[in-house]
Amino acid sequence: MNSSSPAQRTRRRARAVLAAFTTAGLAATGVVALAGTAQAADTLGAAAAESGRYYGAAVAPNFLGESGYASTLNREFNSLVAENAMKWDATEPNQGQFNFSGGDQLVRHAQSQGMEVRGHTLVWHAQQPGWVQGLTGNNLRQAMLNHISGVASHYAGQIDSWDVVNEAFEWDGSRRQSNLQQQMGDGWIEDAFRAADAADPNATLCYNDYGTDGINAKSDAIYRMVQDFRSRGVPIDCVGFQSHLDSNANLSSYQQNLQRFADLGVDVQITELDVGGSGSSQANVYGQVTRACVAVSRCNGITVWGITDKYSWRASSTPLLFDSNYNKKQAYQAVLDALNAATTTHGGGDGDAPGNGSAAAYHPAAWRESGPATEQIT
Ligand code: XIL
């Protein structure tokens with residue numbers, strides 16, 4: 001693939017609209033990064049925006065009423081993802097009956113704050129509703145396609161990046177033998193991407209997985225899949241690296257791994273970062289991940305898998321940037337410093353963006369897009 005598909009070009013138009021919207025939002029709070037200055041921002045989102053990136057958090061709608069939760073989210077982050085509210089069990093609890101209440105609440109919150117939204121996740125072997133688990137063969141295939149179409153079209157125009165398929169590979173690089181794989185065979189992943197593209201041509205479509213924090217058998221297999229998809233025109237735009245880590249993580253090939261995917265012509269995003277541990281060892285790993293992302297021009301942004309240790313899915317590992325009382329941890333400062341030190345702006349990977357552009361806009365789409373920011377999303 002040496003040129004963008006029409007669908008990909010359309011995606012960039014949508015992001016330009018978002019860019020204009022969010023830039024206005026940031027201007028209102030007085031944190032617009034000035035082109036060419038080294039001014040240090042004092043929140044994660046503003047610091048990421050200086051190099052054209054987002055800094056997001058996984059969010060649960062039921063905590064938005066807690067003032068510390070909401071105020072930390074609103075102050076620090078310029079992107080959010082639903083921790084559970086957009087998964088298959090939440091959005092289609094009965095076959096053909098969709099429930100978007102939690103996801104819609106999050107999208108409304110994000111829009112009111114000028115945040116981007118990541119969509120997570122259209123197809124996964126876990127958190128499937130019970131009715132899916134009993135389906136076989138073509139019935140499962142039709143159910144998957146209908147699910148993707150129903151959810152992605154409901155949110156079309158509101159989601160910046162979708163995790164279309166989550167966790168389809170084993171450590172050894174073989175396909176995970178989930179019901180999806182066993183009932184549909186190898187073609188199910190590309191079928192899922194094609195269905196997502198048809199339902200929301202504007203979203204950046206990602207494959208997302210864990211244990212891909214360096215060059216290893218699993219990331220090699222995903223690399224070959226992405227290479228194959230790009231060569232055959234299967235609409236994949238991005239690879240997500242969950243990065244559920246611990247303080248002793250070996251990240252010696254982390255940046256190199258991000259870069260090799262970026263070199264295939266896809267964006268890379270850190271999608272579910274958390275680091276078990278505390279103090280300087282935890283801060284050190286957070287710092288390394290952040291520096292790796294900002295050194296790769298196609299690394300669009302980072303999402304941490306929660307705001308506070310209090311509500312982390314790994315709460316006993318205290319893996320997040322804010323403690324249970326919403327105090328900033330040492331890791332927070334490591335991330336903020338690394339974001340502020342970024343010298344590589346996001347947006348250099350598309351060929352139509354300035355490699356060393358100004359960071360005046362919130363989102364790189366503003367550089368990639370020549371059309372007016374008021375263009376309609378269709
Ligand atoms: C986790 C949530 O954080 C939990 O609340 C839920 O009980 C299970 O799922 N990889 C993923 C995420 O892609 O969706 C998972 O989220 C964590 C691992």
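## Close-up views of a predicted model

**View 1. Around Gln177, a loop residue with neighbours on both sides of the sequence.** Let's start with Gln177, which touches Glu170 and Gln182 when residues up to four places away in sequence are left out. This is a predicted model. Gln177 lies in the loop that runs between β4 (161–166) and α8 (179–184). Its side chain reaches the backbone oxygen of Arg175 at 3.3 Å. It is also worth bringing His125 into the frame: His125 and Gln177 are 52 residues apart along the chain, and their C-alpha atoms are separated by 9.3 Å.

**View 2. Asn78, a buried loop residue.** Here we move to the loop between α3 (67–76) and β2 (79–82), where Asn78 is found. Asn78 has 5% relative accessibility, so this residue counts as buried. Follow its side chain to two backbone atoms. One is the oxygen of Gly45, reached at 3.0 Å. The other is the nitrogen of Tyr55, reached by the Asn78 side chain at 2.7 Å. Tyr55 will turn up again in the next view, as it is among the residues with the most contacts inside the largest nonpolar core.

**View 3. The largest nonpolar core, with Phe261 in focus.** This core has 98 residues. Those with the most contacts inside it include Trp162, Phe193, Phe261, Ile270, Leu273 and Leu321. Take a moment with Phe261: setting aside residues up to four places away in sequence, Phe261 touches Ser219, Ile222, Tyr223 and Val226, along with Val239, Phe241, Val266 and Val268.

**View 4. The disulfide of Cys206 and Cys238.** Two disulfides are present in the structure, and this one has an S to S distance of 2.2 Å. Cys206 sits in strand β5 (residues 204–209) and Cys238 in strand β6 (residues 238–241); with their positions 32 residues apart, the pair links distant parts of the chain. The torsion about the S-S bond is about 90 degrees, so the link of Cys206 and Cys238 is right-handed. Both of these cysteines, Cys206 and Cys238, are buried.

**View 5. The disulfide of Cys293 and Cys299.** To finish, here is the other bonded pair, in which Cys293 is joined to Cys299 with an S to S distance of 2.1 Å. The link of Cys293 and Cys299 is left-handed, with -100 degrees about the S-S bond. Cys293 and Cys299 are both buried. If you number the bonded cysteines of the chain in sequence order, the pairing reads 1-2, 3-4.

Technical notes. Residues numbered from 1 in each chain as written. Predicted model: local features only at pLDDT ≥ 70, side-chain atom pairs only at ≥ 80, totals over all residues. Heavy atoms only, no water. Core = buried A, V, L, I, M, F, W, Y, C linked by side-chain atoms within 4.5 Å. Buried < 20%, exposed > 50% of the residue type's maximum accessible area, 1.4 Å probe, protein only. Contact = heavy atoms within 4.5 Å. Disulfide = S-S within 2.5 Å. Helix = DSSP H or I, 4+ residues; strand = E, 2+ residues; numbered from the N terminus. Polar contact = N/O pair within 3.5 Å; in protein donor to acceptor, adjacent residues only side chain to side chain.
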